[in-house]
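Q: I am new to this structure and would like a close look at a single part of it. Could you walk me through it in plain words?

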Amino acid sequence: MDDLAKQMRKDAEAGDANAQCELGRSYYHGMCGIEKNEAEGAKWFYMAAKQGNVLAQVYLGNCYNWGAGVGKSLAEAMMWWRKAADQGSAQAKDMLESHQELWLRVAPDKVEEAKAWRNAAMKGDVIGQFNLGHCYDKGEGVAKDHLEGFKWYRKAAEQGHIEAQYRVGLCYRK
């Protein structure tokens, strides 16, 4: 580990989110005299991402998407990308758009899909909330429950999700 990496680690351990992200990148890519270790990189990305570091949120989303250093979870990836996108990250917005369509096409098991959306929804992820509302509304992977579907649509609508706002309006029409 070179002097830059030692200082970076010291700053990261002191809670500096930028240093945590950079240390995560160093572990993830094997830079600055640090041996490549994706799990250690993901750990530091998580610490920085929790503090709102946009780049760390994008990297952590990528880690979950690829299963690099963490268990593979598209729902977790989308949650972290959403956090970064909400702070203006164009890269995160692109990842969300391209992966949401993929997620909806390839989810082989509706029960597992509903569980993944529930996990994301419980963490406040607007896409997870909308999709969990859809699962309940249509009875996909869970027992059909329009009231529960409405509840999740409303949570997503309150965060500005346009399709969820439309679905809430439809619920009032019924």
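Is K151 buried, partly exposed or exposed?

A: K151 counts as partly exposed, because its relative accessibility is 30%, and a residue is called buried under 20% and exposed over 50%. Please keep in mind that this is a predicted model, so the values here are computed from it.

Let's look at the surroundings of K151. This residue lies in helix 9 (residues 146–158), as does E148, three residues away, about one turn of the helix. The two form a salt bridge, and the closest N and O atoms of E148 and K151 are 3.2 Å apart. In general, side chains of opposite charge can pair when their charged atoms come close.

Helix 9 holds another such pair, R154 and E158, whose side chains meet in a salt bridge with an N to O distance of 3.9 Å. R154 and E158 are four residues apart, so about one helical turn separates them. Their accessibility can be read in the same way: R154 counts as partly exposed because its relative accessibility is 36%, while E158 is exposed, with a relative accessible area of 62%.

To place these pairs, it helps to step back to the whole chain. The structure holds nine salt bridges. One of them joins K123 and E76, with 2.3 Å from N to O. This pair links distant parts of the chain: K123 sits in the loop between helix 7 (110–122) and helix 8 (126–138), whereas E76 belongs to helix 5, 47 residues apart from K123. K123 is partly exposed, with a relative accessible area of 44%, but E76 is buried, at 14%.

E76 leads us to helix 5 (residues 74–86). Its 13 residues should span 18 Å at 1.5 Å a residue, and the end C-alpha atoms are indeed 18 Å apart, so expectation and model agree. Helix 5 is mostly covered, with 10 of its 13 residues buried. Among them are L74, M78, W80 and W81, along with E76 itself. After helix 5 comes G88, which has a positive phi, near 100 degrees.

W81 also has a partner to show you, N62, which is placed in helix 4 (residues 54–66). N62 and W81 are 19 residues apart along the chain, and their C-alpha atoms are separated by 8.3 Å. Leaving aside residues up to four places away in sequence, N62 touches W81, Q91 and M95. N62 counts as buried because its relative accessibility is 7%.

Finally, here is the setting for all these pieces. The protein chain has 10 helices and zero strands. Its C-alpha trace spans about 65 × 30 × 25 Å along the principal axes. Of the 174 residues in the chain, 45% are buried. The accessible surface comes to about 9100 Å², and carbon and sulfur atoms account for 50% of that. Among contacts between residues at least 6 apart in sequence, 43% join residues at least 24 apart. As for charge, there are 24 positive and 24 negative side chains, and the centres of the two sets lie 5 Å apart.

Note on methods: Residues are numbered from 1 along each chain as its sequence is written. This is a predicted model: local features need pLDDT of at least 70, side-chain atom pairs count only at pLDDT 80 or more; totals for chains, interfaces and linings use all residues. Side-chain values use heavy atoms; hydrogens and water are left out. Helices (H or I, at least four residues) and strands (E, at least two) are DSSP runs, numbered from the N terminus. Buried means under 20% relative accessible area, exposed over 50%, partly exposed in between (1.4 Å probe, protein chains only). Contact means heavy atoms within 4.5 Å. Accessible areas come from the Shrake-Rupley method with a 1.4 Å probe; for residues, only the protein chains shown count as cover. Lys and Arg count as positive and Asp and Glu as negative; His and the chain ends are not counted. The place of a charge is taken as NZ of Lys, CZ of Arg, CG of Asp or CD of Glu. The expected span of a helix is 1.5 Å times one less than its number of residues. A salt bridge is a side-chain nitrogen of Lys or Arg within 4 Å of a carboxyl oxygen of Asp or Glu.
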